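Visitor: Could you take me through one part of this model in close detail? I would like to look at the aromatic rings.

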Amino acid sequence: MKTTNQKTIISVLILLISLISNAQLSEEELAKIAQDPIANIISVPFQNNMTIGVGPYDRTSNITNIQPVIPMADGKIIARVILPIVNQPNIFSESGNFKGIGDVNLSVFYTKKGKVSWGVGPVMNIPTAGDNLGIKEWGVGPSLVGVIKPSNWVIGMLVNNVWSLESDNSAFTIQPFINYNLPKGYYLSTSPKVVANWEADSDNRWTIPMGIGVGKLVKPKGFLPFNIQVGADYLIESPELNGGSWMLKFSFTALIPKAIFKKNKNQ
């Protein structure tokens, strides 16, 4: 019982120290950390993407991505997971939806931090999707990320290409992101995710959005900080068969100090 109580006290002390450490960072500094996909902090984003005008019946699809980012080896290794929860309409009908989990995307980066921070590593497609919710095939490829932070800006780009190990499917993704940070944790952001399905015909190959968002880093007294963002993208190009016209986005990201999970060496 005594050992259990000691562990509880130590865990509480570690949490308090972590909260104090985060409290010393300004909202602007925490916002820049939240905008960096290879920052040395655990983050758990929940991003909801609603696409309007899907298919010939102008249906609406909804994908909620759970995207934990986990640094390891003192931030030199960054693991990023995307678990999509999909509500996909039957595009050939005015009613009916397919609901469930899509394919999981896993990226692992070896990173180097500096004036120009970068990361390189593999990306995998894991076939966890239900029927009509993903390609349901194992896939692998390279992934690159680069970030710079001049003054109030956080600017970077994510690039990857995944080749299926079970068919000729191949998909390319490039996602530039530009954030301009304002006082008190507010910021403006754009992060269009451009996707190309190389095996599709020309009318169904590209998804090219363009838009803007606004966000706020919130630092409640005595609690962990979190980041919220809303935005909208107009789809300049999208698949003729199952693309849309507009995408509305909302995200919530919890920032978790790694010290919470550290154990006292004397335990």
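Guide: Happily; here is a walk through the ring pairs, with a word on confidence first. This is a predicted model, in which local features need pLDDT of at least 70 and side-chain atom pairs count only at pLDDT 80 or more, while totals for chains, interfaces and linings use all residues. Residues are numbered from 1 along each chain as its sequence is written, and side-chain values use heavy atoms, with hydrogens and water left out. The average pLDDT (the predictor's confidence in each residue, from 0 to 100) is 88 for the chain, and 87% of the residues score at least 70.

Now the rings. The structure holds six aromatic pairs, where rings of Phe, Tyr and Trp (its six-membered ring) pair if their centres lie within 6.5 Å; planes under 30 degrees apart count as stacked, over 60 as edge-to-face and the rest as tilted. One of the pairs joins Tyr110 and Trp118, which is edge-to-face because the planes stand at 65 degrees, with ring centres 6.3 Å apart. Tyr110 is partly exposed at 40% relative accessibility, and Trp118 is partly exposed at 37% (buried is under 20% relative accessible area, exposed over 50%, partly exposed in between, with a 1.4 Å probe and protein chains only). Trp198 and Trp206 also form an edge-to-face pair, since their planes are at 90 degrees, and their centres are 5.7 Å apart. Trp198 is partly exposed at 35%, as is Trp206 at 29%. Ring pairs link these two tryptophans, Trp198 and Trp206, with Phe172 into a cluster.
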